[in-house]
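Here are my notes on the model you sent over. Have the structure open while you read, and take the points in any order you like.

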2 protein chains.
Amino acid sequence: MSTTKSHRLFGEELIVVNMGLASFGENLRREGATVVQMDWRPEAGGKPELLAALDRLRASDGELRQEIAKANEEAVGRLLQARPVIAGIGRAGDVIPDMRSDHVLHAGPPVTWERMCGPMRGAIIGGLIYEGLASNADEASLLAASGEIAFEPCHHHQAVGPMAGIITASMPVWIIENTAFGNRACSTLNEGLGKVLRYGAYSGEVIKRLRWMERTLAPVIADAIALHGPVDLRVIIAQALQMGDELHNRNRAATSLLIRELAPCLARAKADSETKAEVLEFMNGNDHFFLNLSMAACKSALDPTLGIAHSTMISAMARNGTEFGIRVSGLGNRWFTAPSPMVEGLYLPGFSEADAAPDIGDSVITETAGLGGFAMAAAPAIVQFVGGSASRALAFTREMYEITLAENPAYRIPSLDFRGTPAGIELTAVVASGIAPVVNTGIAHREPGIGMVGAGLVKPPISCFEQALTAFSEQYCHDHTNDMKEDNAR
Amino acid sequence: MSTTKSHRLFGEELIVVNMGLASFGENLRREGATVVQMDWRPEAGGKPELLAALDRLRASDGELRQEIAKANEEAVGRLLQARPVIAGIGRAGDVIPDMRSDHVLHAGPPVTWERMCGPMRGAIIGGLIYEGLASNADEASLLAASGEIAFEPCHHHQAVGPMAGIITASMPVWIIENTAFGNRACSTLNEGLGKVLRYGAYSGEVIKRLRWMERTLAPVIADAIALHGPVDLRVIIAQALQMGDELHNRNRAATSLLIRELAPCLARAKADSETKAEVLEFMNGNDHFFLNLSMAACKSALDPTLGIAHSTMISAMARNGTEFGIRVSGLGNRWFTAPSPMVEGLYLPGFSEADAAPDIGDSVITETAGLGGFAMAAAPAIVQFVGGSASRALAFTREMYEITLAENPAYRIPSLDFRGTPAGIELTAVVASGIAPVVNTGIAHREPGIGMVGAGLVKPPISCFEQALTAFSEQYCHDHTNDMKEDNAR
């Protein structure tokens, strides 16, 4: 249909409002018509089984809807009440629950050595060399494939790790306590950027740094924390959000605030002056030093939300580089997974998309708690990674209010007139709207042994959420159907 | 004129566009009419002598207009090229040029003891007690009034001081070097908030703190800077603008960045561990610690712009609590003054506007260099002082682009898509538009000996700029008339 014909048809200039497939509107626009494209998608992608599940969960006359609302209030309430503090630093094998010396913990949902991506294999090779269980990469690979090492998710041991997320028994870990609920979460100390274990590098310098962190960095900081007392991470995170951080890809302010808070106690710590200076130099040299604390704080805040019957709140998201997985509060420990997506981002000089591993790491726990991409409006510098503007940063955060249960009164965003960050991702809202959580992240090289190649934005596969919705409907609508049958049988 | 009559008059609903006095439009609005108020003011307040001066300076056929443009390009170019670094710390009497032991330096343009405001008198009393020249407030007041003490502006000695801005010979001062031009600027070390000398307090705790700063704080930091080498303030200021500071009333990020930068060298400094811990605690306990560095950096950046013939750029603004004064590049060392205005702000508990001293301090040097109120968009937390929103913070900065010569490519504002801060206030633009520079500031108690009572926003009296314009016209149009006469006589 040409615009000439449409003019003849309607007798005057046509303004077309197009919904759904944008290509219909594009064709008319090329012909010179004025086309307004509606930002509309059919609910739940128009999939009948999901629409049916949504109908069952949202039925206005059902008890289920009320039970879900009540459970979600409880779940997001626990998230907002969290009070994470640094309780200390310990040896992973000593302080991480149920961690054995043959355990290697990794990021994301469970995955076997055979199915692991390059950077995770690289980090495991490095971890086994660091532990003295192998003397080179070939030995380490053979050992990893032998079945003698037990690979388990950090998430199954009250821990989180960025990127590959490898934790071995000798590594020092932060011990974060959520004092509102008494639970703990652990994470390694951040190594810095470039050739580092978490991005899959395992050369001599990587192992040497890990040993220095174990023998020098960790004991000195542990001593300072003992002198200082628990460090309130909620206060640091709240301030950092006023200072351009979103606490995932940007941690410069939080790192600065941590250093100034600990520096007096570091000065009083037992080590000699030169050692203390080296510790302060290491912290000052790494703007991501706070990242692992942000992650463990979020993990400690979210763990009390897992396992609340009827809650549709997302209690965990994580990627192992092969799969992206989510856990839903009301569905307990089950993971709902789909293949890890690729990251849309900027690459370091000499690297391109062809070098990139798929999305990897437990760091998406920050978004799950309402930070990271959800707090992008606080950190417009981040959207520069993908050529975005300050207004795009605001738009990312604003969209996340549509799929979350609450606004966090402790974590406020200046550019949104101090509105609280969107917190508590709600499963039915994600599936119904098709709006996926927005995630800021780093990009690892796809091969083991290389390291970081870029950073950018990624959206989790929506099918994780669709599977979870189906499972939720099966578990809870089934219960209700049974309840109702029982009621009728009486 | 009622709306009924106007309906009869024009036969249909009236939409009124009102210019000038808003009350005309308000009357109609009360009658139910739709009124659009134009944001328009007559140029230069409609004052004939100022309009004539503007006409002479802006005449499109005159050489003068071109000479002014060229001179302003040079002036703002020097401001943008500035590279302020911390060169060290010294004793005021040793390192401030032409400072004698009977000198007391103060904020703002020249002022006599008799005309000084309460907080400045209070700070001078404290300074004389601190120097051991008086043992109590009465003795100090007598000495100050005796004529034996020479009061001179900090600005006349390549120095700046916040609030009362008192510098006596024994005080330690930062030495800032503008490495692009080789000039230096000095400022005291910031004492913290509450009962402090710069707000006019002079009790025992104030003097004790000043002595500790002289004997402990300054030597330890001086040692750390010697180990570190020059500290690049341009880099810290640029980063702090990305982290919610505007470098006048908010210096939390810059203070944090300075601490993390110096901490390793503080660990290596000669003092014992407990002393170093106390120094780090003092810095960590005062989010305004960086303010005096921001001020001296701006002073060092602006001094090379003073005295460029034909330039209409403002090279200094300063207040002594009695008068607000400005200096114009092309008019050299002359001050153009008017009574200090009151600050619109929020008060600490127990205080009100009735307690406030007029606007005081050299800290407005930050606005003169394009920071402070000019960078308000970077620090939306600041407008909360006056009940403003994030959008009001953006509006403040946007308006300042109308009266400035350039955008500083080194100092960028995230929320304005990384646009450079408005830099280099231009005299004719201020007078023609009636737009006064916007200034963030603290508020001192009007009586000596009390201290800080609040913080807020203030606008310099426009008459300083009007006087300067008249003087500029007299100096330069006179020259040109003479030149032209000479030309004609040949």
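1. Start where the chains meet: 27 residues of chain B are in contact with 27 residues of chain A, contact being C-beta atoms, placed from the backbone, within 7 Å. Keep in mind that this is a predicted model, where local features need pLDDT of at least 70, side-chain atom pairs count only at pLDDT 80 or more, and totals for chains, interfaces and linings use all residues. Residues are numbered from 1 along each chain as its sequence is written, with chains lettered from A and ligands numbered from 1 in the order in which they are written.

2. Which elements give two or more residues to the side of chain B that touches chain A? They are helix H10 (252-268), helix H11 (273-284) and helix H14 (380-383) of chain B. H10(B) gives the most, with ten residues. By class, this side of chain B has 13 nonpolar, seven polar and seven charged residues. (Ala, Val, Leu, Ile, Met, Phe, Trp, Tyr, Cys and Pro count as nonpolar, Asp, Glu, Lys and Arg as charged, and the others, Gly among them, as polar. Helices are DSSP runs of H or I with at least four residues, strands are runs of E with at least two, and both are numbered from the N terminus.)

3. Now the symmetry. A turn of 180 degrees and a shift of 0.1 Å along the axis lay chain B on chain A with an RMSD of 0.1 Å, superposed by least squares on the C-alpha atoms of residues with pLDDT of at least 70 in both. That is the relation of a two-fold axis. The same surface serves both copies, as 100% of the contact residues of chain B recur in chain A. If you want a landmark, Met243(B) is the residue of chain B that comes closest to the rotation axis, at 2.0 Å (C-alpha).

4. On to domains, whose bounds come from an automatic or database domain assignment. Chain A is divided into domain 1 (3-40), domain 2 (47-79 + 304-480) and domain 3 (83-298). The C-alpha centres of domain 1 and domain 3 of chain A lie 56 Å apart.

5. Have a look at helices H6 (residues 118-130) and H7 (residues 137-145) of chain B, whose axes come within 9 Å and cross at roughly 105 degrees. (Axes are lines fitted to C-alpha atoms, for helices over the stretch in contact, and angles run from 0 to 180 degrees between N-to-C directions.) That makes H6(B) roughly perpendicular to H7(B), a label for angles of 65 to 115 degrees. Ile124(B), Ile125(B), Leu128(B) and Ile129(B) of H6(B) make the contact with H7(B) residues including Ala140(B) and Leu143(B). The residues of this contact divide into eight nonpolar, one polar and no charged.

6. Chain B has an open sheet of four strands in the order S7-S6-S3-S8, with antiparallel pairing; strands pair if DSSP finds at least two bridges between them. S7 (183-188) and S8 (231-232) of chain B stand at the edges with a single partner strand each, so one side of each is left without a neighbour in the sheet. Two bridges join strand S3 (residues 84-91) of chain B to S8(B), and Ile86(B) stands opposite Val231(B). Helix H8 (residues 204-228) of chain B lies across S3, S6 and S8 of chain B, at about 140 degrees to S3(B).

7. Last, an open sheet of three strands in chain B has the order S12-S17-S16, again with antiparallel pairing. Its edge strands are S12 (344-347) and S16 (439-444) of chain B, and the twist averages 25 degrees from one strand to the next. Four bridges join S12(B) to S17(B), where Gly345(B) stands opposite Gly456(B).

Methods
Contact = placed C-beta atoms within 7 Å. Parallel < 35°, antiparallel > 145°, perpendicular 65-115°, else oblique.
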